[in-house]
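Thanks for coming. I have one structure to go through today, and I will keep to the geometry.

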Amino acid sequence: MGSSLARQLVDEGYDVCVIDESPEALTLLGDDFPGQFVIGQAIDWETLNEARVREADAYVTTTDGDNTNIVSAQLVREHFGVPCCVARVFDPLRADLFEQTGIRTVCPTKDARALLHEAIGSCKLGG
Amino acid sequence: MFIVIIGCGKVGVNTARSLLNMGHEVIVIEQRKSRYDLLLEELGDCLMFGDGTEIWVLEKAGIGRADLVVAVTGDDEDNIIISQIAKLKYAAPKVVARVNNPFNQPTFDLLGIDATICAAANMLRLIMHELPAHKFVPLLTLKRENIELVELEVGETSPLANQRIEDITLPDGVLLSAILRDGKALLPAHAGEILPGDYVICLLEPGRETELIRTFLPEESPEAIQAEGEIDVHSGE
């Protein structure tokens, strides 16, 4: 998810920096990825400094851990002052609750449920 | 009291045992099946299987009526999230969280989790205390209660060296609690005077350390001395 979003944003002309704990993640971005790549963890202050998040207009966390995404987005908002911090959170309950802390959450589970519901509604069902 | 503990590793299980022995009502949540199976016989109904960062699991454990929530998993993000859920959603009266990696302490502080325990930082303090020569050791910090217990050396050139206890004046917000001489603690009333080479144990409000260090160790840099007693969170793991 992170790599395809990064590539899309680069194509749209944005200046993008990707953080991942594994160097192999760079291969997902492709050899021609023009953005920056920093190896490290999403809640490590040094890593975030190296990625110059303080200068960012927006920050997105899409690791596979809901809790890591929520903590990282809050950290970047509170300490580094990035106004738009978005966390991917699979669990709908936590996604709703942590909106209270000032971050924005995107919940694929809720979105998929809504799309499935819509798909069913658009079928011509009997009865 | 009713206490919900999340994480049944060595810390969690020993906390649970002690609290149960004291007569408290305890529920421990563990997400590793093998660990759960191992401890089920001992803890019985006090042990629950599940991911303690999920709201429905916490609710099933009864977090809504908990007097104390203890987040002691081996994962710092999980401990932060549990503490925040307990405070934001359930207004838990007390929450205590474990900091596994001392580098994450600033993140706990930033996100308002004020009652934290970091084993690595506490061990460092006690090891410093055992060193033959140490100048300043923060022994205990109760952040929310706004009080600290520190130990510091009385330097040869300290203006307080060789003064009678009743004649000395300490900075505001500092209480002289004990004098360590030849490895033994003396109450101020029994020590008579402060000698160079003694160690003093003081209770103080956080933020008074610099003044206190200047008083007892006038030739040292207060900033450098304080940095020695803490894990340096800015120089990599």
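Which residue is the bridge partner of B:I179 in β11(B)? The partner is B:L186. Before I build out from that pair, please note that this is a predicted model.

The strand on the other side of the pairing is β10, residues 174-181 of chain B, and three bridges tie β10 to β11(B). These two strands run antiparallel. They belong to an open sheet of five strands in chain B, in the order β7-β8-β13-β10-β11, with antiparallel pairing. The edges are β7, residues 136-142, and β11, residues 184-186, both of chain B, and each of them pairs on one side only. From one strand to the next, the twist averages 25°.

Now the helices on this sheet. Helix α6 of chain B, residues 119-130, packs on the sheet and touches β7 and β8 of chain B, where β8 covers 147-153. The direction of α6 makes about 145° with that of β7(B). Helix α8 of chain B, residues 209-216, lies across β7, β8, β10 and β13 of chain B, with β13 spanning 199-204. Relative to β8(B), helix α8 runs at about 20°.

Let me stay with α8(B). Which of its residues are buried? They are B:E209, B:L212, B:I213, B:T215 and B:F216. Looking down the helix axis, the buried residues of α8(B) fall within an arc of 160°, so they line one face of the helix. As background, an α-helix has 3.6 residues a turn, so residues three or four places apart point the same way. What do the buried residues of α8(B) pack against? Their partners are β7, β8, β10, β13 and also α9, residues 222-228, of chain B.

Stepping back to the chain as a whole, chain B has nine helices and 13 strands. Its C-alpha atoms fill a box of roughly 60 × 40 × 30 Å along the principal axes. Of the 237 residues in chain B, 33% are buried. Among contacts in chain B with a separation of 6 or more, 56% are between residues 24 or more positions apart.

Last, the other chain. On the chain B side, 16 residues are in contact with 17 residues of chain A. Helices α4, 76-88, and α5, 105-110, of chain B each supply at least two residues of that side. The largest share, six residues, comes from α4(B). By class, the chain B side has eight nonpolar, four polar and four charged residues.

That is the tour; I will take questions.

Definitions and conventions
Residues are numbered from 1 along each chain as its sequence is written. Chains are lettered from A and ligands numbered from 1 in the order in which they are written. This is a predicted model: local features need pLDDT of at least 70, side-chain atom pairs count only at pLDDT 80 or more; totals for chains, interfaces and linings use all residues. Two strands pair if DSSP finds at least two bridges between them. Helices (H or I, at least four residues) and strands (E, at least two) are DSSP runs, numbered from the N terminus. Axes are lines fitted to C-alpha atoms, for helices over the stretch in contact, and angles run from 0 to 180 degrees between N-to-C directions. Two residues are in contact if their C-beta atoms, placed from the backbone, lie within 7 Å. A residue is buried if 20 or more other C-beta atoms lie within 10 Å of its own, exposed if 12 or fewer, and partly exposed in between; C-beta atoms are placed from the backbone. The arc is that of the directions from the helix axis to the C-beta atoms. Ala, Val, Leu, Ile, Met, Phe, Trp, Tyr, Cys and Pro count as nonpolar, Asp, Glu, Lys and Arg as charged, and the others, Gly among them, as polar.
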